[in-house]
Amino acid sequence: IRVHCGRGVFRGGGSQTSCDSFEFHRGEPSWDMKQLLAWIRVNLLKERPELFVQGDTVRPGILVLINDADWELMGELEYQLQDQDNVVFISTLHGG
Amino acid sequence: MPVQCSSCGQNRAALKRPKTGHSLCRSCFFWAFEEEVHHTIVSGRLFSRGETVGIGASGGKDSTVLAHVLKVLNERYDYGLKLLLLSVDEGITGYRDDSLETVKRNQQQYDLPLKIVSYEELYGWTMDAIVKQVGLKNNCTFCGVFRRQALDRGAMMLNVDKICTGHNADDVAETVLMNVLRGDIARLRRCTAISTASDGEGAIPRCKPLKYAYEKEIVLYAYFKKLDYFSTECIYSPNAYRGHARTFLKDLEAVRPSAIMDVIHSGENLSVREGVKMPVQGTCSRCGYISSQALGLPKLGIGKHHRLHGKILAQQPLTQEEERKLKAVDF
Ligand SMILES: [Zn+2]
Ligand SMILES: [Zn+2]
């Protein structure tokens, strides 16, 4: 699974938690998006997780693409990640 | 498992549109998005043939998408417009200098002329210098005032007939909400207007062709088209009030996707009771800045920027109270 975070996803309000892209290897049982987000929250967002997650999903204003398709088409949190999947997070929250 | 495009039925859908709930493939989405902007332009009569149109270009997603779509539509529908990019350099190291690099690449990519006007050349100072003196409070508001004017000046230098900006539906909804919260009826009207006529010396008519375009779609349009844009927040203190309005709207939208459009329509449909005092716009004779003055209120709003701009131009530090007075200005 390849995860890519667009510029600015983890930024804002002075937080500089940076994340570009990382490869991800998980054996079975395969994760769903909910588990991936929880993992990112714990492992990548030490400073201000609220800039990325809200409750158990992404903060409104962050777009999620799974294999270049809107995750709203893919079951969002329930989507079961597969090997070779490509997950992209894009922030809509700044830059005009 | 993959969802098919509800329009062509051929391709795999790439997104679910927030406005309609339709699932579209990339090419049907591009088409729908562009056609909606075209519809906005035609029904709002935003342009006339032969006009020179300056696109306020910041290097960000909105203005980059705007420049791209206007160029496409100008060719597709033969609007007969002369398009050019107009940028303001506020003098913010590490932010605007980087985003202007993006604009310069856009100039090449879209083959459009580019004019950059800088605070330094217009006013003799940069935002970096101001922040050094004043600190990090209310810079956005302050900076926005001068950016507005700088765009006008740049447009005048190039004989631009109209300026269009990349304000999208989310931006307009935020501004409606902020103006409601501040009780600012005059600005509430102006912010929902899709175009503003020239009001006063030195102000060039403006319009917002992306007024009905959702932020999500703008970002995905840019992403799927691989447009080159710059996405970093300004390094100087973001407008906290706007930030709250934005978060609130995003939360509402998550529950009810039409929230953004609902708020815009509410703003458009509000009417003002007879007898309610309306502030009027005036042009400052000393610095040419367009300011709102409260009509009929005894001197209350009048001094808002006048007492300050001497100080501002002389680069003197502002007190907290003075900064607060500058607060209520256009976005
Ligand atoms: Zn299609
Ligand atoms: Zn003045």
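Student: What arrangement do the four donor atoms around the zinc ion (ligand 1) make?

Tutor: Keep in mind that this is a predicted model. As a general idea, ideal angles at a metal are 109.5 degrees for four tetrahedral donors. Here the donor atoms around the zinc ion (ligand 1) subtend angles of 103 to 115°, so the arrangement is tetrahedral.

Student: Which residues coordinate the zinc ion (ligand 1), and how are they spaced in sequence?

Tutor: The SG atoms of B:Cys5, B:Cys8, B:Cys25 and B:Cys28 do the job, at 2.3 Å. Along the chain, these donor residues follow the spacing C-x2-C-x16-C-x2-C. Now look at where two of them sit: B:Cys8 is in the segment before strand S1 (15-16) of chain B, while B:Cys25 is in the loop between strand S2 (23-24) and helix H1 (26-43), so this pair ties together parts 17 residues apart in sequence.

Student: Is B:Cys25 buried or exposed? And how does B:Cys8 count?

Tutor: For burial, go by relative accessibility: under 20% is buried, over 50% is exposed. B:Cys25 has 2%, so it counts as buried. B:Cys8 comes in at 30% and therefore counts as partly exposed.

Student: Let's try a charged residue. Where does B:Glu34 lie, and is B:Glu34 buried or exposed?

Tutor: B:Glu34 belongs to helix H1 of chain B. With a relative accessibility of 3%, B:Glu34 counts as buried. Leaving out residues up to four places away in sequence, B:Glu34 touches B:Val69, B:Val72, B:Leu73, B:Arg76, B:Tyr221 and B:Lys225.

Student: How do I read the packing of helices H7 and H8 of chain B?

Tutor: Check the angle between their N-to-C directions; over 145 degrees counts as roughly antiparallel. Helix H7 (residues 169-182) and helix H8 (residues 185-192) of chain B pack at about 170°, with axes 8 Å apart. H7(B) and H8(B) are therefore roughly antiparallel.

Student: Which residues meet there?

Tutor: From H7(B) you have B:Val172, B:Thr175, B:Val176, B:Asn179 and B:Val180, and they meet B:Arg187, B:Leu188, B:Cys191 and B:Thr192 of H8(B). Sorted by class, that contact has five nonpolar, three polar and one charged residues.

Student: What about chain A: how many helices and strands does it have?

Tutor: Chain A has one helix and seven strands. To see their order, read along the sequence: β-β-α-β-β-β-β-β. Of the 96 residues in chain A, 53% are buried. For the contacts, take those between residues at least 6 apart in sequence: in chain A, 57% of them join residues at least 24 apart.

Notes:
Residues numbered from 1 in each chain as written. Chains lettered and ligands numbered in written order. Predicted model: local features only at pLDDT ≥ 70, side-chain atom pairs only at ≥ 80, totals over all residues. Heavy atoms only, no water. Donors = N, O, S within 2.8 Å, 3.2 Å for Na, K, Ca; no water. Tetrahedral: all angles 85-135°; square planar, octahedral: opposite > 155°, others 65-115°. Helix = DSSP H or I, 4+ residues; strand = E, 2+ residues; numbered from the N terminus. Buried < 20%, exposed > 50% of the residue type's maximum accessible area, 1.4 Å probe, protein only. Axes fitted to C-alpha atoms, helices over the stretch in contact; angles between N-to-C directions. Parallel < 35°, antiparallel > 145°, perpendicular 65-115°, else oblique. Contact = heavy atoms within 4.5 Å. Nonpolar A, V, L, I, M, F, W, Y, C, P; charged D, E, K, R; others polar.
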